[in-house]
Each structure stands twice: as C-alpha cells, then as structure tokens.
Amino acid sequence: MDINDIKKKRLLYDKSEDIYFSTYNILLLLNYLGCVNEDKAFRDYRKLTFLIPIISDEVLNTIFIDYYRGKSEINKNIRRRLNKIYNGGMENISFIRYILLILEENGFIKLIGQENKVNLYLCQQSNLKNFLEDTIFADEIRCINNIKSNNYQIAKVSYSTFINNLFKVNGVSVWEE
C-alpha cells in the first residue's frame, strides 16, 4: 500500500459513522456530566448527536463555548460550522438511538421513555470506571469540563432549548420547531 492509498482511506473515514467513537463519547458525556441516576438523567438523547462532535474537536468546543446562547457576534465561517454540526447531527439521530439501545441491552445505560423524549443515565459499573478514567480520553474530558465550567446545564435543558441556544440564535436554519 502506498501513501496515496493511505490518504484516500483517511479521506473516506467518517467518525460520525464509527460505533466505537460514538459509544465512548456517549459514556464520557454521561459520566462527566454526572448523569448517573434517574434524578440526574440526561434529558433527551437527541442532544447527544450534536454534543459528540463538540467534545471530540477542540475548535468546535471553543465555538460552542463562545457562541452558545448567542454570547458572541457570529460570522459566516462560524455559522457554516454550526450548520455542519446541525445537519450532521440530524442525520445521526437514528444511529445514536441504535447505539443507545445496544448500551441499554448490555446494562451500561438506562433509557427512560417519557411523553415526547427519551432520557438516559449511566449505570454504575466497576469495570467501566477504569475505562472512563483512561488518559486516552483526556482531550474529550477537558472539552466536557469546559462546557460544565460555563454552567450551561446541557444535560438538563430541553432539546428545543438546546437547539435554540446553539443553532437558532446564531442564524442556523433548523428543520423542526
């Protein structure tokens, strides 16, 4: 295999379709946001599809911190990135739902169905503790902690509030109300 084949494969790789990438990011989010019982459940799993790219990319994390709730004046490059997060997230909702069903079936999370949303929390497991504290996830953990330190309460806000605070307020066209 020559260098051009390697470059081509790298171009074809899409992290948003990687089940392992999405799984460990979901587990990290639930753990570091403190979603570990029904009272502290992550409200509406659909937000996960937007948060995964935000915690796995330092630039997107900074954009989130700077532009959530319309904190800063937006330019067209930032709006383009937010559009990409929104559109990619909308495409991945069913993929995330699939992963969550697998995680629940294997006892890692608990899903709680309510009227128009599904909340979730991380089940405490001793074998998961070492995994979640591995230094390989230091960048993702730092990004989650950046979000937490800004008191955005993203685990508790409703899906529509989250969409409004990140996308609508910054001029991104959304598909739903």
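## A charged pair on helix α7

D139 and R142 sit three residues apart in helix α7, so about one helical turn separates them. In this predicted model, their side chains meet in a salt bridge, with 2.7 Å from N to O. Both ends are partly exposed: D139 has a relative accessible area of 44%, and R142 comes in at 38%. The pair isn't on its own either, as salt bridges with shared partners join E58, D139 and R142 into one network.

E140 is another residue of helix α7. With a relative accessible area of 10%, E140 is buried. Setting aside residues up to four places away in sequence, E140 touches Y24, N25, L28, I55 and S56.

## The other salt bridges

The count for the structure comes to four salt bridges. One of them links the side chains of R46 and D44, at 2.7 Å from N to O. Here the two partners fall into separate classes: R46 is partly exposed at 25% relative accessible area, while D44 is buried at 3%.

Then there's E133 with K129, whose side chains meet at 2.9 Å, N to O. This time both partners are partly exposed, E133 with a relative accessible area of 47% and K129 with 48%. As a general point, side chains of opposite charge can pair when their charged atoms come close.

## Overall layout

Stepping back, the protein chain has eight helices and two strands. Follow the sequence along and the pattern reads α-α-α-α-α-β-β-α-α-α. Of its 177 residues, 44% count as buried. The accessible surface comes to about 10100 Å², and carbon and sulfur atoms account for 48% of that.

Plenty of the contacts reach across the sequence: among those between residues at least 6 apart, 73% join residues at least 24 apart. For one pairing at a distance in sequence, take G88 in helix α5. G88 and P53 are 35 residues apart along the chain, and their C-alpha atoms are separated by 9.3 Å. G88 itself is partly exposed, at 23% relative accessible area.

## The nonpolar core

In soluble globular proteins, nonpolar side chains tend to be buried together. In this model, the largest nonpolar core has 58 residues, and F64, L100, F162 and F167 are the ones with the most contacts inside it. Helix α5, spanning residues 76-105, gives the most to this core, supplying eleven residues.

F64 shows what the packing looks like from a single residue. Leaving out neighbours within four places in sequence, F64 is in contact with I54, I147, Y152, I154, F162 and L166.

## Helix α3, wrapped up

Helix α3 covers residues 48-55, and seven of its eight residues are buried, so the rest of the structure largely encloses it. The buried ones are L48, T49, F50, L51, I52, I54 and I55.

What surrounds them? The buried residues of α3 pack against α2 (19-32), α4 (58-67), α5, β2 (118-122), α7 (138-149) and α8 (159-166). Two of these α3 residues have come up already: I54 is among the contacts of F64, and I55 is one of the residues touched by E140.

## Cysteines

How many disulfides does a search of the whole structure find? It turns up zero. As for exposure, C123 is partly exposed, with a relative accessible area of 22%. C143 counts as buried, at 1%.

Technical notes. Residues are numbered from 1 along each chain as its sequence is written. This is a predicted model: local features need pLDDT of at least 70, side-chain atom pairs count only at pLDDT 80 or more; totals for chains, interfaces and linings use all residues. Side-chain values use heavy atoms; hydrogens and water are left out. A disulfide is a pair of cysteine sulfur atoms within 2.5 Å. Buried means under 20% relative accessible area, exposed over 50%, partly exposed in between (1.4 Å probe, protein chains only). A nonpolar core is a set of buried Ala, Val, Leu, Ile, Met, Phe, Trp, Tyr and Cys residues joined through side-chain atoms within 4.5 Å. Helices (H or I, at least four residues) and strands (E, at least two) are DSSP runs, numbered from the N terminus. Contact means heavy atoms within 4.5 Å. Accessible areas come from the Shrake-Rupley method with a 1.4 Å probe; for residues, only the protein chains shown count as cover.
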